[in-house]
Amino acid sequence: MQIAKVRGTVVSTHKAPSMTGVKLLMLQFIDEDGELLPQYEVAADIVGAGIDEWVLVSRGSAARFDIGSEHRPLDALVVGIIDTVTVENRTLYSKKEQYR
Amino acid sequence: MQIAKVRGTVVSTHKAPSMTGVKLLMLQFIDEDGELLPQYEVAADIVGAGIDEWVLVSRGSAARFDIGSEHRPLDALVVGIIDTVTVENRTLYSKKEQYR
Amino acid sequence: MQIAKVRGTVVSTHKAPSMTGVKLLMLQFIDEDGELLPQYEVAADIVGAGIDEWVLVSRGSAARFDIGSEHRPLDALVVGIIDTVTVENRTLYSKKEQYR
Amino acid sequence: MQIAKVRGTVVSTHKAPSMTGVKLLMLQFIDEDGELLPQYEVAADIVGAGIDEWVLVSRGSAARFDIGSEHRPLDALVVGIIDTVTVENRTLYSKKEQYR
Amino acid sequence: MQIAKVRGTVVSTHKAPSMTGVKLLMLQFIDEDGELLPQYEVAADIVGAGIDEWVLVSRGSAARFDIGSEHRPLDALVVGIIDTVTVENRTLYSKKEQYR
């Protein structure tokens, strides 16, 4: 999985029927130092992530391995909202500190 | 999914039998600032996207998860025509403004 | 799918038994301006493409979605010989002009 | 598979139900000379790898081919702790030397 | 498939049970001019490739499409030892010449 920050939303009304009801988030990837990368992914959200939160995103066929996603032409899925990222005993990110 | 702009079409008459009847679009990818990238994808179209429209494209096995695509050797599919892309309360793209 | 030009062939006699009878082409990718890229793919050919022809290549699990390919460890397949590539009403490539 | 070094952990409490009980490691990729690359992957761990160990990571659908992972939206999995990497009769890495 | 040169081996004793008995080769990719690229892949070997031989490697789910590999978390597989690579009537590589 990669780490990404929720930056916005994408709306599409004219789409494949199987995409109905899917909430699409605009994510921007985070590098190993916690900085934003010039790369994004539009991913389906099943965990209710909000703007600026850090999330875990799975890509490829993994995006269809959740309830309700099995038959949708998805290739990216938010699978969790991140609480903490710890690298060599250093806290790279903590949701609590971000939002206090 | 990635965001791409419809740039043209690709025609192939001598092809795998299972590819018969598939409309192939030439897409060019869009970066997170809304600019064209020097990268393209030839994708099957099931939503009837037109030249210059922004679309969502799914790649990999996701391209075969729609009615009629299950048995085709596709690795890219247009899954929706984009209405709006919103980043941090700013509208990066709006189909209405583009075409008014 | 990506667009590629047939550049040559690869021969392997000592291989996985399931690869028997597969014709392997050396393809070089084409960019969005019609120029050769320094990237190649060795792909199975089921359409009988010849040297210098432009073809459509599918990668990933799509390479196994054709008759006879289902059980082979393939990750790239030539799915069609390209007749024309049209970008914004301009013909980027036409097989007829190429060979007349 | 790629070679990576275990650098840390990622914690997510609000996640897809199927992700419950998955231990997530922050891995940093290693290049062919044994140096750290500026690329990471968050992968599920089933072998109990520890900080600073070199591991083998499988990506894509391979990440769901182990006991307990079949129905999880995973796209990266630690499949083994590396003992030695040997290139042209030279030992690039040896776990014993690393930890003695 | 990509072309790679066998450079060495990777040994892992503490691994996923389904990985037992898999021989892992350290491969380095070859570019379209026959030169080594600074990119590698650790792949399972089912054809008995030796050091310095050029091989064909399949990546992704293709790596599990051979006898004995179906249930292993593999994402890269050596599917054949290359005899010749021919580009535009020029022999880029010939195993016989390499070993005579």
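**Chain arrangement, interfaces and aromatic pairs in the predicted model**

Chain B and chain E are not joined by any contact, and their closest C-alpha atoms lie 10 Å apart. Chain A and chain E are likewise without a joining contact, with closest C-alpha atoms 10 Å apart. The model examined here is predicted.

The relation between copies was examined by superposition. Chain D is superposed on chain A by a rotation of 72° with 0.0 Å of shift along its axis, the RMSD being 0.0 Å. This is the relation of a five-fold axis. For chain E and chain C, a turn of 72° and a shift of 0.0 Å along the axis lay the former on the latter with an RMSD of 0.0 Å. The copies in this second pair use different surfaces, as 4% of the contact residues of chain E recur in chain C. In the case of chain D and chain A, only 3% of the interface residues of chain D are also interface residues in chain A, so these copies meet through different surfaces.

The size of an interface is often given as the accessible area lost when the parts come together. Between chain D and chain A the buried area is about 2,300 Å², and carbon and sulfur atoms give 51% of that area. H14(D), Y40(D) and P73(D) supply 26% of the area that chain D buries against chain A, which is more than any other three residues. To this contact chain D brings 33 residues and chain A brings 27 residues.

A contact between chain C and chain E involves E41(C), which touches M1(E) and Q2(E) among other residues. E41(C) is part of strand β4 of chain C, which spans residues 36-45. With a relative accessible area of 6%, E41(C) falls under the 20% cut-off and is therefore buried. The side chain of E41(C) reaches the backbone nitrogen of M1(E) at 2.8 Å. Within chain C, the side chains of E41(C) and R59(C) are joined by a polar contact of 3.5 Å. Leaving aside residues up to four places away in sequence, the residues of chain C touched by E41(C) are L25(C), M26(C), L27(C), F29(C), R59(C), D75(C) and A76(C).

Aromatic pairs were also examined. A pair of aromatic rings is described by the distance of the centres and the angle of the planes. Over all chains, the count of aromatic pairs comes to five. In chain B, the ring centres of W54(B) and Y93(B) are 4.0 Å apart and the planes lie at 5°, so this pair is stacked. W54(B) belongs to strand β5 (residues 54-59) of chain B and Y93(B) to strand β8 (residues 90-94) of chain B, so the pair ties together parts that are 39 residues apart in sequence. W54(B) and Y93(B) are both buried. In chain C, the rings of W54(C) and Y93(C) have centres 4.0 Å apart and planes at 5°, so they too are stacked. This pair links distant parts of chain C, 39 residues apart, with W54(C) in strand β5 (residues 54-59) and Y93(C) in strand β8 (residues 90-94). Both W54(C) and Y93(C) are buried.

Charged side chains are also placed over rings of other chains. R64(A) lies over the face of F65(B), 4.0 Å from the ring centre. R64(E) lies over the face of F65(D), at 4.0 Å from the ring centre.

Key:
Residues numbered from 1 in each chain as written. Chains lettered and ligands numbered in written order. Predicted model: local features only at pLDDT ≥ 70, side-chain atom pairs only at ≥ 80, totals over all residues. Heavy atoms only, no water. Phe/Tyr/Trp six-rings, centres within 6.5 Å; stacked < 30°, edge-to-face > 60°. Helix = DSSP H or I, 4+ residues; strand = E, 2+ residues; numbered from the N terminus. Buried < 20%, exposed > 50% of the residue type's maximum accessible area, 1.4 Å probe, protein only. Lys NZ or Arg CZ within 6 Å of the ring centre and 35° of its normal. Least-squares fit on C-alpha atoms with pLDDT ≥ 70 in both. Contact = heavy atoms within 4.5 Å. Polar contact = N/O pair within 3.5 Å; in protein donor to acceptor, adjacent residues only side chain to side chain. Buried area = accessible area lost by both parts, 1.4 Å probe.
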